[in-house]
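Work through these exercises with the model open beside you. Try each task before reading its solution.

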Amino acid sequence: MSLTEEVRQKLIESARQSRRWAYVPYSHYAVGAALLTASGKIYDGVNVESAAYPTTMCAERTAIFKAVSEGEREFTAIVVVTSNGGAPCGACRQVMAEFGMDTWVVAADVEGNVTLEMTVADLLPGAFRPEDLAHE
Ligand code: THU
């Protein structure tokens with residue numbers, strides 16, 4: 001089942017607000033994320049860059065890791081807000097897939113225009129999943 005307009009708007013606003021905390025001295029591309037858990041909580045996250053560029057962390061994974069580190073593992077939706085509504089990167093898609101293929105993923109720009117809305121299953125078809133390790 002897809003997201004209600006109320007939930008979508010609430011998450012977009014939360015991601016938009018969190019974006020102000022993005023630490024982006026190198027790319028200047030601020031990303032804010034808002035993750036809705038099955039228990040009804042919202043965890044936000046931002047991208048945190050590093051002078052050692054590859055150690056940068058994306059906003060989506062920041063939000064997911066915050067939630068998981070507080071005991072959450074079931075996610076209903078994740079919304080990411082950027083200046084232009086850019087899509088989640090491959091590494092973030094993989095981490096989303098770890099916790100379920102039915103989570104809704106929404107990307108929006110700062111004005112709230114939705115540029116992408118689909119499930120993790122559609123965003124990362126054929127994902128490597130926890131059960132793929134079960135054969136070892
Ligand atoms: N970034 C995210 O936070 N999420 C994504 O899914 C795409 C990329 C960040 C990483 C880096 O700080 C900046 O955007 C430019 O790549």
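**Exercise 1. Classify K66, then find its charged partner.**

This is a predicted model. Start with exposure.

- Step 1. K66 has a relative accessible area of 36%, so it counts as partly exposed.
- Step 2. K66 pairs with D44 in a salt bridge, with the closest N and O atoms 3.0 Å apart.
- Step 3. Place the two partners: D44 sits in strand β2 and K66 in helix α2, 22 residues apart, so the pair links distant parts of the chain.
- Step 4. D44 is partly exposed, at 29% relative accessibility.

**Exercise 2. Decide what the salt bridge between E72 and K41 ties together.**

- Step 1. Check the distance: the closest N and O atoms of E72 and K41 are 3.4 Å apart. The cut-off is 4 Å.
- Step 2. Locate both ends. E72 is in the loop between α2 and β3 (75–82), while K41 is in the loop between β1 and β2 (42–46). The pair therefore ties together parts 31 residues apart in sequence.
- Step 3. Compare exposure. E72 is buried at 10% relative accessibility. K41 is partly exposed at 44%.
- Step 4. Put the pair in context: the structure has six salt bridges.

**Exercise 3. Is S18 buried or exposed, and what does S18 touch?**

- Step 1. S18 lies in helix α1.
- Step 2. Its relative accessibility is 3%, so S18 is buried.
- Step 3. Look for a polar partner. A polar atom of the S18 side chain lies 3.0 Å from the backbone oxygen of A15.
- Step 4. Set aside residues up to four places away in sequence. S18 then touches G32, A33, D44, G45 and V46.

**Exercise 4. Describe the surroundings of A67.**

- Step 1. A67 belongs to helix α2 (residues 59–68).
- Step 2. A relative accessible area of 0% makes A67 buried.
- Step 3. Beyond neighbours within four places in sequence, A67 contacts L35, Y43, E72 and F75.

**Exercise 5. How many disulfides does the structure hold?**

- Step 1. A disulfide requires two cysteine sulfur atoms within 2.5 Å.
- Step 2. The count is zero.
- Step 3. Test C58: its nearest cysteine sulfur belongs to C92, 3.8 Å away, and C58 is in no disulfide.
- Step 4. Test C89: the nearest cysteine sulfur is again that of C92, at 3.7 Å, and C89 is in no disulfide.

**Exercise 6. Which residues make the nonpolar surface patch of about 430 Å²?**

- Step 1. The members are Y23, Y26, V48 and Y53.
- Step 2. Take Y23, in the loop between α1 (5–18) and β1 (32–37).
- Step 3. Y23 is partly exposed, at 44% relative accessibility.

Methods
Residues are numbered from 1 along each chain as its sequence is written. This is a predicted model: local features need pLDDT of at least 70, side-chain atom pairs count only at pLDDT 80 or more; totals for chains, interfaces and linings use all residues. Side-chain values use heavy atoms; hydrogens and water are left out. Patches are made of residues with over 30% relative accessible area and no salt bridge: like charges are joined within 9 Å, nonpolar side chains (Val, Leu, Ile, Met, Phe, Trp, Tyr) within 5 Å. Accessible areas come from the Shrake-Rupley method with a 1.4 Å probe; for residues, only the protein chains shown count as cover. A salt bridge is a side-chain nitrogen of Lys or Arg within 4 Å of a carboxyl oxygen of Asp or Glu. Helices (H or I, at least four residues) and strands (E, at least two) are DSSP runs, numbered from the N terminus. Buried means under 20% relative accessible area, exposed over 50%, partly exposed in between (1.4 Å probe, protein chains only). A polar contact is a pair of N or O atoms within 3.5 Å; within protein, one must be able to donate a hydrogen and the other to accept it, and residues adjacent in sequence count only if both atoms are side-chain atoms. Contact means heavy atoms within 4.5 Å.
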